[in-house]
Amino acid sequence: MTTLNLELPSVIAADAMRVLSIARRIVLTGEGAERDEAEFIAGYPLEYLTDVFAGANRIRIHFRGEEIHRCRIANVKSGKCEERCDFCRQSAHFNADSPEYPLVDEATILREAEQAEKDTAAELGLVASGYGLGDGPDFEKLLESVTAVKNQGKVNPHASLGIIPESSLRRLKDAGLEMYHHNLETARRHHPSIVHSHTYDEEVSVIRAAKKVGLKTCSGGILGMGETEEDRIDFAYELADLAPDTIPLNFYVDVHGTPLFGKVTPMEPREILRVISLYRFVNPRADILIAAGRAQHLRDLQSMIFFAGASGMMIGDFLTTPGRTVSDDVLMLRDLGMA
Ligand code: SF4
């Protein structure tokens, strides 16, 4: 009879212990991982990723609790965008297939809010294409819709209207908006290769302005757009510096007709899970929410995002692409004991 040797090779045991020791310190101090620790997590061997989950899951539960936060978005003004972001089907400069319509009316937005509540979301994000919807008749209409959603009382109104001035953000807050969303998209160094019509500092400035007027903030980006490993770590720290309440992470999905189409290698599922853990270790207090690309890239591994450190997910359809069914997502959370 052969005897099983259950002893771990010491190098593996030491690495697993180091993960837990970093996680312990983060839980005790609330301070995110140091740069060398982040590099250690980012380079952790994929075959031993569950070592990393042991730490990331602890940090998630400590700072965010066991229940998974759900949010839903509504595309309230779509397409014909004058900006040039290489991943985006809504840019008028590209030949990608995109829904195109002007700002939807208040009744439509209220129906979306009702649906969001039915879908177990806590809020509805109103998303408009374009550089920034911060003045003019459409902005006035949107302010009224924000107040209508607030008064309806089903879900909290959130908005993503691009790069808009502080005065417009203040008016949104006064209208009842809870949170403003604007993605930095990618790491500062990689941004000029992806976004050609506005700067990184403009992206950052709107989140800083939203904070200044007392709005909660949501800012993240899209991973898998050809950035380097170092870019991913830098981006995690850029977000830590900005300290939004929520960090949405999207994983790039190829779209025909955009400049990025066919130019990048899709991230593999375990690589995605590892990068989620990296962001959790660097941003322990943030609500890390997984958005587009979840179903396409993770497939059967979707439930593992929470063990990797994610504390939220977008449910329902994404901006321009359908998502997984809400009932499948809710069942997954119930099965995990996280709903
Ligand atoms: S990401 Fe936003 S700003 Fe950029 S092209 Fe798309 S809709 Fe326009």
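Helix α3, a run of helical residues as assigned by DSSP (H or I, at least four residues, numbered from the N terminus), is followed by Gly 65, whose phi is positive, near 80 degrees. This is a predicted model, in which local features need pLDDT of at least 70 and side-chain atom pairs count only at pLDDT 80 or more, while totals for chains, interfaces and linings use all residues. Residues are numbered from 1 along each chain as its sequence is written.

**Overall fold**
- The chain comprises 13 helices and nine strands, a strand being a DSSP run of E with at least two residues.
- The radius of gyration, taken over C-alpha atoms, is 20 Å, close to the 20 Å that the globule rule gives for 339 residues, so the chain is as compact as a globular protein of that length; the rule is 2.2 Å times the number of residues to the power 0.38.
- Of the 339 residues, 46% count as buried, that is, with 20 or more other C-beta atoms, placed from the backbone, within 10 Å of their own, whereas 12 or fewer makes a residue exposed and a count in between makes it partly exposed.

**Helix α3**
- For the 16 residues of α3 (residues 49–64), a span of 22 Å is expected, and the end C-alpha atoms lie 21 Å apart, which agrees; the expected span is 1.5 Å times one less than the number of residues.
- Buried residues in α3 include Asp 51, Phe 53, Ile 59 and Arg 64.

**Strands β6 and β7**
- All six of the six residues of β7 (residues 246–251) are buried, so this strand is largely enclosed by the rest of the structure.
- One side of β7 carries Thr 246, Pro 248 and Asn 250, and the other carries Ile 247, Leu 249 and Phe 251, with both faces covered.
- Strand β6 (residues 221–223) pairs with β7 in the parallel sense over three bridges, where pairing requires that DSSP finds at least two bridges, and Ile 222 stands opposite Asn 250.

**Positive phi outside glycine**
- Most residues other than glycine have a negative phi.
- Thr 120, in the loop between α4 (106–118) and β2 (123–128), nevertheless has a positive phi of about 70 degrees, and this residue is partly exposed, with 16 other C-beta atoms within 10 Å.
- Glu 185, in the loop between β4 (179–181) and α7 (191–194), has a positive phi near 80 degrees and counts as buried, with 22 C-beta neighbours inside 10 Å.
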